[in-house]
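Please look over the structure shown here, and keep it at hand while reading the explanation that goes with it.

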Amino acid sequence: MKRSIIRVLSLSLALLTLTVTFAACGGGNDAGLVFKSGDSEIAIGDKADDVVAALGTPDSKTESPSCGFPGTDYLYLYQSKGLRLSSTPDESGVSVICKIELMSDLVSTPEGLKIGMTADDAKAAMNDSGAALETNGENLVYTSGDMKLIVACSAGSVTAITYVSLDKA
């Protein structure tokens, strides 16, 4: 029984990750939800060069051919900030942020969401955000402007936090 529950949870998280990964390319910049790192605000659709300049040199940067437009997709890892950013070229060829992932409890959203907190605490933190809440199993999906904030939960705890474009999520 315990193995079945673990398999179902693992499969659900894998499907959510795949959905976010393949759906995150593109987006606008009507940022109802933004991430802040220090004094820098980061939103889906922001120019990647500007974001990288504000955050500093990433710990690693990988590239692959773009799935949406001619050009290159980039993945920027800021291990010390607990942050991973993805970018893709927009219609004009400019590289823009298409996904923001919080990777550790070293970082939190402006609303106070943090990996490891309880799902109930996450809901309470988002009460005053003005974002609409949908649930998908244990996962919390907040929508505001052109953005979705996906709070993946397992066994009542937050396991991942990801910002993506609403029109591609």
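The paragraphs below go through a helix, a loop residue and the cysteines in turn.

The model is a predicted one, and a convenient place to enter it is helix H2, which comprises residues 48-55. Within this helix the buried residues are Ala48, Val51, Val52 and Leu55, and because they cover an arc of only 95 degrees around the axis, they lie on the same side of H2. That spacing can be read against the general geometry: an α-helix has 3.6 residues a turn, so residues three or four places apart point the same way. The face of H2 turned away from this buried side carries exposed residues, namely Asp49, Asp50 and Ala53.

What covers the buried residues of H2 includes several strands, among them E1 (35-37) and E2 (40-42), together with E4 (72-78), E5 (83-89) and E6 (95-102). After the helix comes Gly56, whose phi is positive, near 95 degrees.

Farther along the chain, the loop between helix H3 (119-126) and strand E7 (132-136) contains Asn127, which counts as exposed because its relative accessibility is 61%, over the 50% cut-off. Between Asn127 and Glu111 the separation is 16 residues in sequence, while their C-alpha atoms are 9.2 Å apart in space.

The cysteines can be read with the same cut-offs: Cys67, with a relative accessible area of 60%, is exposed, whereas Cys98 is buried at 4% relative accessibility. With a disulfide taken as a pair of cysteine sulfur atoms within 2.5 Å, the count for this model comes to 0 disulfides.

Note on methods: Residues numbered from 1 in each chain as written. Predicted model: local features only at pLDDT ≥ 70, side-chain atom pairs only at ≥ 80, totals over all residues. Heavy atoms only, no water. Buried < 20%, exposed > 50% of the residue type's maximum accessible area, 1.4 Å probe, protein only. Helix = DSSP H or I, 4+ residues; strand = E, 2+ residues; numbered from the N terminus. Arc of directions from axis to C-beta. Contact = heavy atoms within 4.5 Å.
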